[in-house]
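Thanks, everyone, for making the time. I would like to walk through one model this morning, so please keep the structure open in front of you while I talk.

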Amino acid sequence: MPWTFKPVVRSLDVRVGETVLAFYEAHNPTGRAVAGTASYNVFPDAAGGYFTNHYSPYEERAIVANFVKKYGDKYKNADGSPKLPDALAALAYDATNMLLQAIKDTDKDDAKAVAATLAKGKYDIVSGEVTFDAFHTPIKPVTVVEVKED
């Protein structure tokens, strides 16, 4: 089938545990009627997939458990249960703590000196151990998350 597909929306923001529909437009360039059916590539529907993320709230390191607890104590779901922090919350927390550590280690009010301290630092943070290369690209682990059926 020589169809082409393109997403209706180019990107979607999805939180852990959230179900979202993604829509695609199909184009049949043949000029003749052709029928098709979209199907999931795994079974059961909610299980079997893997994706990468910056961290997992279920990781067993103490720094992760402490972050998840503090976040859940402050932020609640509509039913009053603790919210699980998503990757963006973890990254914001990590970035703030790295910057505060670099400011403390530099011990002076000088943005260039703080940036240099940050660049040569080694940080054990929620998203893992992080260092930076010569271009200031973070070198860090990746978390692979498996989607499982409840």
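E59 and R61 form a salt bridge in this predicted model, and the closest N and O atoms of the E59–R61 pair are 2.5 Å apart. Both partners are partly exposed, E59 with a relative accessible area of 29% and R61 with a relative accessible area of 25%. R61 also has a second partner, since the side chains of R61 and D124 meet in a salt bridge, at 3.3 Å from N to O. If you look at where these two residues sit, R61 lies in the loop between β3, residues 50-53, and α1, whereas D124 is in strand β4, residues 123-125, so the pair ties together parts of the protein that are 63 residues apart in sequence. D124 itself counts as exposed, at 53% relative accessibility. Taken together, E59, R61 and D124 are linked in a network of salt bridges.

The salt-bridge count for the protein comes to four, and one of them joins D73 to K69, with the closest N and O atoms 2.9 Å apart. What separates D73 and K69 along helix α1? Because they are four residues apart in that helix, D73 and K69 are separated by about one helical turn. At 47% relative accessibility D73 counts as partly exposed, while K69, at 51%, counts as exposed; the cut-off for exposed is over 50%.

Let me step back to the overall fold. The protein has three helices and seven strands, and, read along the sequence, these follow the pattern β-β-β-α-α-α-β-β-β-β. Of the 150 residues, 20% are buried. Among contacts with a separation of 6 or more, 47% are between residues 24 or more positions apart. The protein exposes about 11,700 Å², and carbon and sulfur atoms supply 56% of that area.

Now to the interior. Which residues make up the largest nonpolar core? There are eight of them, namely Y55, V64, F67, V68, Y71, A89, A90 and V126. Two elements give two or more residues to this core, α1, spanning 62-74, and α2, spanning 87-106, and the largest share, four residues, comes from α1. Leaving aside residues up to four places away in sequence, V68 touches Y55, P57, L84 and P85. There is also a second, separate core of six residues, and A102, V114, I125 and V130 are among them.

A residue I would like to single out is T117, which is found in helix α3, residues 111-120. Is T117 buried or exposed? With a relative accessible area of 15%, T117 is buried, because the cut-off for buried is under 20%. Again not counting residues up to four places away in sequence, T117 touches A102, D105, T106 and Y123; of these, A102 belongs to the second core that I mentioned a moment ago.

Turning to the surface, V8, V9, L12, V14 and F23 form a nonpolar patch there, and together these residues have about 470 Å² of accessible area. Within that patch, V14 has its place in the loop between β1, residues 4-7, and β2, residues 24-27, and at 46% relative accessibility V14 counts as partly exposed.

Finally, a word on the backbone. Most residues other than glycine have a negative phi. D107, although not a glycine, has a positive phi of about 60°; D107 lies in the loop between α2 and α3 and counts as exposed, at 68% relative accessibility. H136 is likewise not a glycine, and has a positive phi of about 70°. Where is H136 found? The place to look is the loop between β5, residues 128-132, and β6, residues 138-139, and there H136 counts as exposed, at 52% relative accessibility.

To close, I would come back to the network of salt bridges that links E59, R61 and D124, and to the largest nonpolar core, with its eight residues, as the places to look at again in the model.

Key
Residues are numbered from 1 along each chain as its sequence is written. This is a predicted model: local features need pLDDT of at least 70, side-chain atom pairs count only at pLDDT 80 or more; totals for chains, interfaces and linings use all residues. Side-chain values use heavy atoms; hydrogens and water are left out. A nonpolar core is a set of buried Ala, Val, Leu, Ile, Met, Phe, Trp, Tyr and Cys residues joined through side-chain atoms within 4.5 Å. Buried means under 20% relative accessible area, exposed over 50%, partly exposed in between (1.4 Å probe, protein chains only). Contact means heavy atoms within 4.5 Å. Accessible areas come from the Shrake-Rupley method with a 1.4 Å probe; for residues, only the protein chains shown count as cover. Patches are made of residues with over 30% relative accessible area and no salt bridge: like charges are joined within 9 Å, nonpolar side chains (Val, Leu, Ile, Met, Phe, Trp, Tyr) within 5 Å.
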